[in-house]
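Here's a quick tour of one protein model. Have a look at it first, and then we'll go through some of its features together.

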Amino acid sequence: MITTAAATSLLQQYRNVRKWTEDICRPLQKEDYVVQPVEFVSPPKWHLGHTTWFFETLLLKPFLPGYTEYDPNFNFVFNSYYESLGARVIRTQRGNLSRPTVEEIYRYRAYVDSAMEQLLEAPLAPEAEIILVLGCNHEQQHQELLWYDIKYILGHNPLFPAYSEDDRSEHAAAQPKGFTEMPGGVYEAGFSGPGFCYDNELGRHKVYLQPYAIANGLVTNGEYIEFIRSGGYSEFSHWHAEGWDWVKNGNIQAPLYWHQVDGQWQHYTLYGLQTIRTGDPVHHISFYEAAAFAAWKGLRLPTEFEWEAAADRFSWGRCWEWTESAYLPYPGFERVAGPVGEYNGKFMVNQKVLRGASDYTPKGHSRSTYRNFFHAPMRWQLSGIRLAKTL
């Protein structure tokens, strides 16, 4: 059992995480909560329900004696991808859930939060603590996804409405120039030490890296505009074959949210349509675009291990950074039994690793060993480019 003091700390962590999710949603109108413009975007109210279902299903039902499930139908509505926990609404249908209502989902959150307070009044069993910490980190992941989904919903509204009229966007610091050279040799990769990490970070192991150099700064909007003006989207030689098909089939001509207005590039932000700042890092870039830009420059993307080995040599956190690495298990990786084992392992196919963090990543939720992952065409997430080269 953990101590009472530790349980109090976990309770405060739980409260803070749950409050921040609702703070993100506070500026929304009711109509914003239910929109699902494309398959990979979930309605905000679904995020509110799903993160609540996670705590109810994996903590309250097994660990709080006498707990009464809020609504048995919610397991079908808010289960995301956990095959071991039963049937679920398919992802493409989340936007058809006009019921339960937004008010009902907030009542659900309050009901579960009250029961969680009761559960956390006493010290937790170690296995329950593990799930609680995982649940808080899980909700933080959904907080970042909430930002992405809200931006996609509003950014694809023809009126380009602002999420907030209080424009708090800041100019990014000037991106450092040049490259940091890294000697060839054996490096260690993977998480070690105290604190939380996901199972896909475990299995710290040695990797051999050839001598390489990695950019000190991220590729900027201004640099990317040069790529566009040079015909980057019309020259097949820069692109992977799959990426070139993606460009042609989707008529892709610029990063997501970019628009030419009176001959000037603008982009949709959470504060509405704004003129692009050429010195800011480019973001909302697919892997295909990142790799094509690197090829146009005569360079390449770093591997995830090159990125991690050099992570203390440069600043990171403005946007997730595509790497050349496929999302694969580390040596010795094993899925644990039950639903927790479905969290990461079953997605280790046909995806690319991104490293770093973004402006939307919750505070304390980033580390140099964190392995984010997305399919190559995806760009609704805040993703950008750091270049590398072999020496």
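Let's start with empty space: the largest cavity holds about 40 Å³. Keep in mind that this is a predicted model. From the cavity we'll move on to some strands, and then to the salt bridges.

**The cavity**

- How many cavities of 30 Å³ or more does the structure hold? There's just one.
- Rolling a probe the size of a water molecule over the atoms is how you can see where empty space is left.
- If you want to find the largest cavity on screen, look for its lining: K45, W46, F78, R94, L97, R99 and P100.
- That lining is a mix of four nonpolar and three charged residues, with no polar ones.

**Strands 5, 6 and 7**

- Strand 6 covers residues 264–269, and five of its six residues are buried, so the rest of the structure largely encloses it.
- Strand 5 (residues 258–261) runs antiparallel to strand 6, and four bridges join the two.
- Want one of those contacts to look for? W258 has H267 in strand 6 as its bridge partner.
- Strands 5 and 6 make a hairpin, with two residues between them. In that turn, D262 has a positive phi of about 55°.
- On to strand 7 (residues 272–275), which pairs with strand 6 over four bridges, again in the antiparallel sense.
- Here you can pick out T269, whose bridge partner in strand 7 is G272.
- Strands 6 and 7 form a hairpin as well, with two residues between them.

**Salt bridges: the overall count and a network**

- How many salt bridges turn up in a search of the whole structure? The search finds 24.
- Some charged residues join up in a network of salt bridges: R18, E22, R109, D113 and E139 are linked in this way.

**R109 and E22**

- These two form a salt bridge, and their closest N and O atoms are 2.8 Å apart.
- R109 belongs to helix 4 (residues 102–119) and E22 to helix 1 (residues 4–25), so this pair ties together parts that are 87 residues apart in sequence.
- Is R109 buried or exposed? With a relative accessibility of 0%, R109 counts as buried, because the cut-off for buried is under 20%.
- E22 has a relative accessible area of 21%, so it counts as partly exposed.

**E103 and K30**

- The side chains of E103 and K30 also meet in a salt bridge, at 2.5 Å from N to O.
- Where do the two partners sit? E103 is in helix 4, while K30 is in the loop between helix 1 and helix 2 (44–63). The pair links distant parts of the chain, 73 residues apart.
- E103 is partly exposed, with a relative accessible area of 37%.
- K30 is partly exposed too, with a relative accessible area of 45%.

**D280 and R277**

- Another salt bridge joins D280 to R277, with the closest N and O atoms 3.8 Å apart.
- D280 counts as buried, at 12% relative accessibility.
- R277 has a relative accessible area of 22%, so this residue is partly exposed.

Definitions and conventions
Residues are numbered from 1 along each chain as its sequence is written. This is a predicted model: local features need pLDDT of at least 70, side-chain atom pairs count only at pLDDT 80 or more; totals for chains, interfaces and linings use all residues. Side-chain values use heavy atoms; hydrogens and water are left out. On a 1 Å grid over the protein atoms alone, a cavity is a set of points where a 1.4 Å probe fits but cannot get out, and a pocket is an open set with protein on both sides within 12 Å along at least five of seven lines; lining residues have an atom within 4 Å of a point. Grid points are joined across faces, edges and corners, and a volume is the space filled by probe spheres set on the points. Ala, Val, Leu, Ile, Met, Phe, Trp, Tyr, Cys and Pro count as nonpolar, Asp, Glu, Lys and Arg as charged, and the others, Gly among them, as polar. Buried means under 20% relative accessible area, exposed over 50%, partly exposed in between (1.4 Å probe, protein chains only). Two strands pair if DSSP finds at least two bridges between them. A salt bridge is a side-chain nitrogen of Lys or Arg within 4 Å of a carboxyl oxygen of Asp or Glu.
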